[in-house]
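This report describes two regions of one chain, a sheet with its packed helix and a separate helix with its neighbours. The sequence and structure come first.

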Number of protein chains: 2
Amino acid sequence: MPEYLSTAPVKGTRDFVPAEMSVRTQVFGHLYDVLERYGFLRYDGPVLEPAEIYERKSGQEIADQQLYTLTTKGGERLALRPEMTPSVARMIAGNAKSLSFPVRWYSHPNCFRYERPQRGRVREHWQINADIFGSESANCEIEMFELIHDLMESVGASSDMFAVRVNDRNLLTSALTDVVGVSPEHLPAVFGLVDRWEKTSAEEHATSAEEIGLTDKQFEKLTEALGSGAALLDELPAEVKEQSNLVRVLSSSAASLVKFEPMIVRGLAYYTSTVFEVFDTSPKNRRALFGGGRYADLASLFTKERIPGIGFGMGDVTLIDFLDTHGLTPAPRNEVDVMVIPVTEELADAARQVATSLRRAGLRTSTPIEHRKLGKELTRADKAGAAAVVIVGQEDWEAGNVTVRSLATREQQQVALAEVPSIVGGLVTPA
Amino acid sequence: MPEYLSTAPVKGTRDFVPAEMSVRTQVFGHLYDVLERYGFLRYDGPVLEPAEIYERKSGQEIADQQLYTLTTKGGERLALRPEMTPSVARMIAGNAKSLSFPVRWYSHPNCFRYERPQRGRVREHWQINADIFGSESANCEIEMFELIHDLMESVGASSDMFAVRVNDRNLLTSALTDVVGVSPEHLPAVFGLVDRWEKTSAEEHATSAEEIGLTDKQFEKLTEALGSGAALLDELPAEVKEQSNLVRVLSSSAASLVKFEPMIVRGLAYYTSTVFEVFDTSPKNRRALFGGGRYADLASLFTKERIPGIGFGMGDVTLIDFLDTHGLTPAPRNEVDVMVIPVTEELADAARQVATSLRRAGLRTSTPIEHRKLGKELTRADKAGAAAVVIVGQEDWEAGNVTVRSLATREQQQVALAEVPSIVGGLVTPA
């Protein structure tokens, strides 16, 4: 007896059978539509990139532990992209001369990280990336926050289901140095502590603060500052606030779209000022769905030209979890609009003719491949979610007619061939 | 001075900047539409698969020379999929119990082969895969050929630009044994010779035939048989023809869709009877664009259940070449429908309000990120292919109006805010 290989996908990766794929196609379709309505242009790039660009830019954790690498027979050391930003930085740098900055670009790549699979984490995930390149204006931030709200709305989320939590790392630096009194040599460690703040307990905060070398007084002030929300801004020097795009956003009409949270850091790589994350407010799923931020110089690996930008990456796993949590996951689309069923096998050609006329009218139409009894095919049509069936019988066909049956009402009528597309079209609920 | 990394994509891979991506999105969008109209359901699967499934199934050339492999820290030996069939075989086998065969599935994966890059060959390519699983009926073949014609038509090809060349390997076997008189032990080598037939000269044919051990008489008969087209069928035994789906197709209404060519083999792996290829008839580009065939047992690596099928993989590189050759490549879509331009920086918020109302009406709308003079923004709007601009001036705005300007006619009119979406909508050419 032969030994069969497993039908499971490789650990941490996923198969998408049609019913799942249909959900994804609908959800991502809404997101693409919103991005296009904002004038974002879609691009794409290779899965394989030189390993070096991640080793030099993506932070230690990714490069050392999470990167899938391989060496080709030609000796190139390549990696499966763990994120899209280095690829798009390469493309933007390579095309900088022909671009009229600022530009809005988006993509929907699959990215690879060798992580322990767990809720919200897989080894291959799909991510909507959206960025504005080539501008330092606070208009970028405002547009990003408007875009995020419209993206969330497009998949059915109401504004009480999520919060866009924002910070500016320069405001945090000022808070730590000017308000808490952290010395420059302690700053990186304290940033790390702040980044972990919400995932650790008050006791752990205290232990970490002591290890870093903060005084009790400093630790107390730190706790207070991080908990004070927008009130913290009043304590910061005016010249720091004048430089902050985020402060501009908070005094614009877009202020209502975001919530200032001084402890948002979003990891330690890349971002240089504005950072943000979209947070699920459901008690069942309280966590960041996705995030992004501003980088002062995107493409420094590739060009001396300084290209600032702002963007985010919205992963599919947390998004689909969010939709499930809030009951927003769409049903899979029905498989066909109409099935054309020949009563005898000899009428298969006739059925195909009718199917062709329905397809030309834009209707999703199938014909049986294996000949079965009419009753079995009707059951199959119901299961496929068809709105109608067209039954092709010998005598009808010879008279230039077929029978059109609504699967909603079970009513049927004899229809002349030329009328079939419009009659069936009327039975099909518009998509 | 720092050393900058190359901005070129890894050898054999491609970046798609927005103008290129827009062409692809349009072309593939047409193909998806046709597939959906035939009732094909989209699925997707992981880029990474166990290397073993290709080593056992995909043929020596792929496994030995063209496979990108890597070993994870967990010790799994993985490969980047070189083709989609083993993945979909795995998925079909794993889901066989819940599927109502026959099923029609399609996908659009990227696949990876370490080949020498040349015209029509790259190391990462995108491929439309379409298959019918679970039926041996000739209705599958007929539907596949109708589908291929509609796919080609959807991207603008007329039927004189391509030919669907078909064969049945069992007919070829019969021709070789019953007509040419090849002995069983020579059959595999002669199949190889036939597979290379069109790419090699008459002289090379003779040399190969001699090396294989064919007699002069056999070689003469072979040459004659391969050149005889449909006439060859008359020489084949009736019992062979009765078993052939292709013979059924050739005597059906679908006969006009295909051309019988006894030398079509389509490589040596997988296919067990029907094989076909879509051939570019342009003198500038005479070659196979893509191909496919029937397999008697798709998923034998994964299950004892015998699952027959038929399908094809349509690669993006040859398809785009075909479109270029025939002048069918669509122009990139314009970037936005309308731009909303505030006359002063202080009116940016007002412009965003107008933009929101236009987006809600489904129009692709952008606002300037960096404030520039009106003339510069009008030039930018022209370059982006916008149909209209909306100009927001201080006095107008205070009176509840804006100026709408058609970029086609250069005419402009004062419009009340509530009317802006419908007025602008009227200026935008429907997509």
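Val340(B) has Val390(B) as its bridge partner in β15(B). Helices (H or I, at least four residues) and strands (E, at least two) are DSSP runs, numbered from the N terminus. β13 of chain B runs parallel to β15 of chain B, and five bridges join them; two strands pair if DSSP finds at least two bridges between them.

The model is predicted, so local features need pLDDT of at least 70 and side-chain atom pairs pLDDT 80 or more, while totals for chains, interfaces and linings use all residues. Residues are numbered from 1 along each chain as its sequence is written, chains are lettered from A and ligands numbered from 1 in the order written, and side-chain values use heavy atoms, without hydrogens or water.

The open sheet of chain B has five strands in the order β14-β13-β15-β16-β17, with mixed pairing.

| Edge strand | Residues |
|---|---|
| β14 (chain B) | 365-366 |
| β17 (chain B) | 412-416 |

Each edge strand pairs on one side only. Helix α13 (residues 348-360) of chain B packs on the sheet and touches β13, β14, β15 and β16 of chain B; contact means heavy atoms within 4.5 Å.

In helix α8 (residues 202-212) of chain B, the buried residues (under 20% relative accessible area, 1.4 Å probe, protein chains only) are His205(B), Ser208(B), Ala209(B) and Ile212(B). They lie on the same side of α8(B) because they cover an arc of only 100° around the axis, taken from the directions from the helix axis to the C-beta atoms. Glu203(B), Glu210(B) and Glu211(B), on the other side, are exposed (over 50%). The buried residues pack against α7 (187-196) and α9 (216-227) of chain B. Gly213(B), with a positive phi near 110°, follows α8(B).

Note on methods
Axes fitted to C-alpha atoms, helices over the stretch in contact; angles between N-to-C directions.
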